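Reader: I am new to this structure and would like to see how the words used for it are justified. Could you take me through the reasoning step by step?

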Amino acid sequence: MIDAYEQEAEDFTAELEEEYHRNGAGLKDTCDLAPIYDRYADLFSAERVSEMLARRHSRRERYLAQFAALQYLDRSVCAVTQRIATAETQAVLKWDGEDIPYRLGLALVPKEPDRARRLSLIRRVHSLTARTNEDRLARMAELHRQAEALGFNGYCQLCDELLGIGLGSLCSQMESLLQKSARRWQLELDHFMSAEGIPTDGAHIADLRYILTAPQFDSLFPRECLMPALERTLDGLGISLRSLGNLDLDTAERPLKSPRAFCSPVRVPSDVRLVIMPRGGREDYNTLFHEAGHALHFAHTRSSAPFAYRALGDNSVTEAYAFLLNLLLRSPTWLREVARMPPQEPYLRLAHFYQLYYLRRLAARLAYERKLHAATAPTAELADVYADDLGESLGVQMVPENYLADVDDGLYCTCYLRAWMLEVLLRRRLLEEFGERWFASAQAGEFLRQLWALGQEFNAEELAQRMGYPGLQIEPLIADVMAPDGS
Ligand SMILES: [Zn+2]
């Protein structure tokens with residue numbers, strides 16, 4: 001039975017990824033997921049999912065049960081998810097005398113250099129977010145109800161048990177990170193806010209996002225150097241991007257193509273697609289290197305492993321490989337030797353601040369999401385909890401109306417947090433074994449290929465142990481974000 005289920009699950013995933021890919025790559029202007037779910041309805045019937053949950057003896061069965069339950073939950077809220085997405089697509093706001101789409105408004109907030117206009121824009125945008133909150137609350141309540149109907153003691157317990165998060169210990173690790181990096185965060189925040197003439201005690205999340213966008217450094221990252229920088233990096237590791245027959249690299253210009261790079265693992269490892277429309281700028285480099293990390297992982301996964309190990313399991317693992325390439329942009333040696341740009345102190349300081357922001361924000365969100373999911377039927381009162389929790393950790397004023405839109409399903413923030421912990425250990429091992437220029441070592445490339453080949457059979461904790469560490473620890477990550485130059 002498990003073999004048949006796994007085969008169907010793989011076919012379903014391939015169709016779903018193909019649809020996402022065609023929409024994102026600008027080959028199709030709609031994203032029709034419902035017919036795919038309907039075609040594979042058998043996989044997600046309540047009986048089938050309960051059967052899968054009851055058979056969690058082997059690792060492979062556990063991964064398949066995780067897949068079945070999470071897809072079942074997704075399906076149960078499919079209609080309301082679609083309604084929210086449509087509302088977001090159709091909503092417009094007035095800006096500079098014109099009607100602009102809601103999502104464009106969201107994207108313009110961090111780019112607006114005038115502070116008064118930036119604050120006015122974010123308020124207008126989120127007054128539209130607030131209109132979807134009733135649907136979002138109903139959606140959340142339904143997810144909670146379904147988690148209980150599947151026999152779990154709440155949504156958090158479902159995620160914790162099926163994804164193997166170790167939620168209790170992760171939360172205490174993140175409290176420690178928030179506490180130990182608080183002073184450093186405040187100093188850096190003061191530095192960047194005062195450089196913009198913004199009083200820290202009145203700073204807003206829109207100001208922080210503006211600072212992090214850092215357009216002043218975009219000229220360091222020209223469009224025409226983006227792909228050569230990635231190819232030189234991989235050449236150094238002994239990997240030829242263009243000769244990997246199972247990795248399709250799509251750099252074509254298309255009007256409907258997503259401006260943000262993405263990776264589609266349609267079938268792992270035989271059909272992996274990396275889609276990019278190079279524009280240049282720091283953010284574009286960041287995204288491409290992150291997505292290339294996913295693509296390399298999937299493209300090198302051994303084909304003989306069952307689907308459960310090739311494409312399911314712990315996503316902290318693939319996120320760690322993505323962060324590893326991502327963080328090259330923070331390495332002075334890589335910047336000088338591979339990207340061929342002089343590493344500037346102000347840029348490195350900002351890159352470091354960016355990572356600290358990312359981590360503190362996720363850590364605060366984890367604490368908030370636990371409270372959000374603790375109630376069977378969450379209420380609008382959680383908007384203040386969101387604004388207080390994140391506001392305190394980031395030292396800026398948050399937008400309470402964003403308390404449901406700023407949450408990913410399945411406690412996905414835990415994947416990123418565990419991934420950062422694994423990435424630091426992996427980078428440390430590469431530095432120890434292959435030196436500061438590990439990214440220019442074919443042996444380091446071979447070491448990575450061996451890890452990538454495992455797919456996601458082992459979770460982040462187990463991979464840390466396989467590399468000789470006691471497990472995922474918070475101290476190395478804290479030391480990394482507190483390092484002066486972020487190398
Ligand atoms: Zn990712």
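**From values to words**

Author: We can begin with one pair of residues in this predicted model: Ser-264 has Arg-273, in strand 5, as its bridge partner.

Reader: What makes strand 4 and strand 5 a pair?

Author: Two strands pair if at least two bridges are found between them, and five bridges join strand 4 (residues 262-267) to strand 5 (residues 271-275), so the two count as paired. They run antiparallel, and a hairpin of three residues connects strand 4 to strand 5.

Reader: Why is the protein chain called as compact as a globular protein of its length?

Author: The protein chain, which holds 23 helices and five strands, has a radius of gyration of 22 Å, and because the globule rule gives 23 Å for 487 residues, a value close to it, the chain is as compact as a globular protein of that length. Along its principal axes, the C-alpha trace spans about 60 × 55 × 45 Å.

Reader: How do you know that domain 1 touches domain 2, and which elements take part?

Author: Residues are in contact if their C-beta atoms lie within 7 Å, and by that criterion 21 residues of domain 1 (1-76) are in contact with 22 residues of domain 2 (159-487), so the domains touch. On the side of domain 1 that touches domain 2, helix 1 (2-24) and helix 4 (59-76) are the elements that give two or more residues, and helix 1 provides the largest share, 10 residues. The residues of that side divide into 10 nonpolar, five polar and six charged.

Methods. Residues numbered from 1 in each chain as written. Predicted model: local features only at pLDDT ≥ 70, side-chain atom pairs only at ≥ 80, totals over all residues. Domains from an automatic or database assignment. Contact = placed C-beta atoms within 7 Å. Helix = DSSP H or I, 4+ residues; strand = E, 2+ residues; numbered from the N terminus. Nonpolar A, V, L, I, M, F, W, Y, C, P; charged D, E, K, R; others polar. Rg over C-alpha atoms; globule rule 2.2 N^0.38 Å.
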